[in-house]
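Student: Could you walk me through this structure and show me how its labels are earned?
Tutor: Gladly, let us look at it together.

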Amino acid sequence: MERELWPRIYHELREVARATHQKDVTYHPWVIAAVLLWAAVHDRPVSWACDPRNWATTRLRPADLPSAATMSRRARRTVFAVFLNCVAARLRGDGPPEWELIIDGKPLPVGHCSKDPDAKSGGQGRGYKLHAVWGTGPWPEAWEVTAMRDYEGSAAERLLTQIRGVGVLLADGNYEASPLYDAADASGYQLLARPDPGDNGAGHRYQSPHRRTALRWFADGLGWRVYRDRTAIERLFGNAGSFAGGLGPLPNWVRRLGRVSRWVWCKLVINAHRILRNRERMQQMQ
């Protein structure tokens, strides 16, 4: 996996670096990102990737490597987050979001004995959760990492503010709430979340008109035909962790929300390049 994906990842970082500039720093943000990704590719701590001896298998590496302390300090800066967003935007590609999007969450559990104050316990245990809105591209349209116990609907509302398009948004029953229907409509999407049996949209509380629209779609059968595509999100999350260096359970050295978010970013980058490589192979075979 390193031999096939690392050259793609490395050259992508260098391309983004050519379009970004930062003055008065010893290490450009692409170097910090390269060290993080080298560690993630091998499922090793960042300190491991700061040792030049652990880069002996490749010539595609920064000339000088930062120390672990420098990595910790620089990775928390806003300018580095901007660089990560530039890499993500390049992988996402140009153009509006697709007509059909899917939203879901993937648990990232940690041990019950963990002292991590950010890994708050929830119904699925203790740890974190990756929330993502996916199309068919290699990179999600929007994503966020929260504590496990945080309400999925709140994360979904934040993600939807990042999206502007036209189409349908598919989700499971956890997202079946009027505020989410309104948030999806504000982004240009009709939310289709699995309804409870017999739900007709009546009640004393506020009922979003977009929720009533979705219930009519399900009653007519159209909603269920469109909703069958929601299973794609299970494959997306499953495939992201089905290869060496993929998005598996959080290792013991990845704790606190900032580190977890950067670790997940690295895994999404690796997965995106894996998807692009596989698509190129399919095109060559046709």
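**Labels and their reasons**

Student: Why is Glu4 called partly exposed?
Tutor: Glu4 has 29% relative accessibility, so it counts as partly exposed. The cut-offs are these: buried is under 20% relative accessible area, exposed is over 50%, and partly exposed is in between (1.4 Å probe, protein chains only). Before we go on, this is a predicted model, where local features need pLDDT of at least 70 and side-chain atom pairs count only at pLDDT 80 or more, while totals for chains, interfaces and linings use all residues. Residues are numbered from 1 along each chain as its sequence is written, and side-chain values use heavy atoms, with hydrogens and water left out.

Student: What makes Arg277 and Glu4 a salt bridge?
Tutor: The term asks for a side-chain nitrogen of Lys or Arg within 4 Å of a carboxyl oxygen of Asp or Glu. The closest N and O atoms of Arg277 and Glu4 are 2.3 Å apart, so the pair fits that rule. Arg277 lies in helix 11 (residues 257-285) and Glu4 in helix 1 (residues 2-18), so this pair ties together parts that are 273 residues apart in sequence. Helices here are DSSP runs of H or I with at least four residues, and strands are runs of E with at least two, numbered from the N terminus.

Student: Is Arg277 buried or exposed?
Tutor: Arg277 counts as buried, because its relative accessibility is 13%. Arg277 is also linked with Glu4 and Arg281 in a network of salt bridges.

Student: How do you know that Glu280 and Arg8 form a salt bridge?
Tutor: Their closest N and O atoms are 2.9 Å apart, so the pair meets the rule too. Glu280 lies in helix 11 and Arg8 in helix 1, so the pair ties together parts that are 272 residues apart in sequence. Glu280 is partly exposed at 37%, and Arg8 is partly exposed at 22%.

Student: Where do Glu15 and Arg18 lie?
Tutor: Both lie in helix 1, 3 residues apart, about one turn of the helix. Their side chains meet in a salt bridge at 2.8 Å, N to O.

Student: Why is Arg18 called exposed?
Tutor: Arg18 has a relative accessible area of 54%, so it is exposed. Glu15, with 38%, is partly exposed.

Student: How many salt bridges does the rule give?
Tutor: The count comes to 13 salt bridges.

Student: Why does Arg76 count as exposed?
Tutor: Arg76 counts as exposed because its relative accessibility is 57%. Its place is in the loop between helix 4 (68-75) and helix 5 (78-92).
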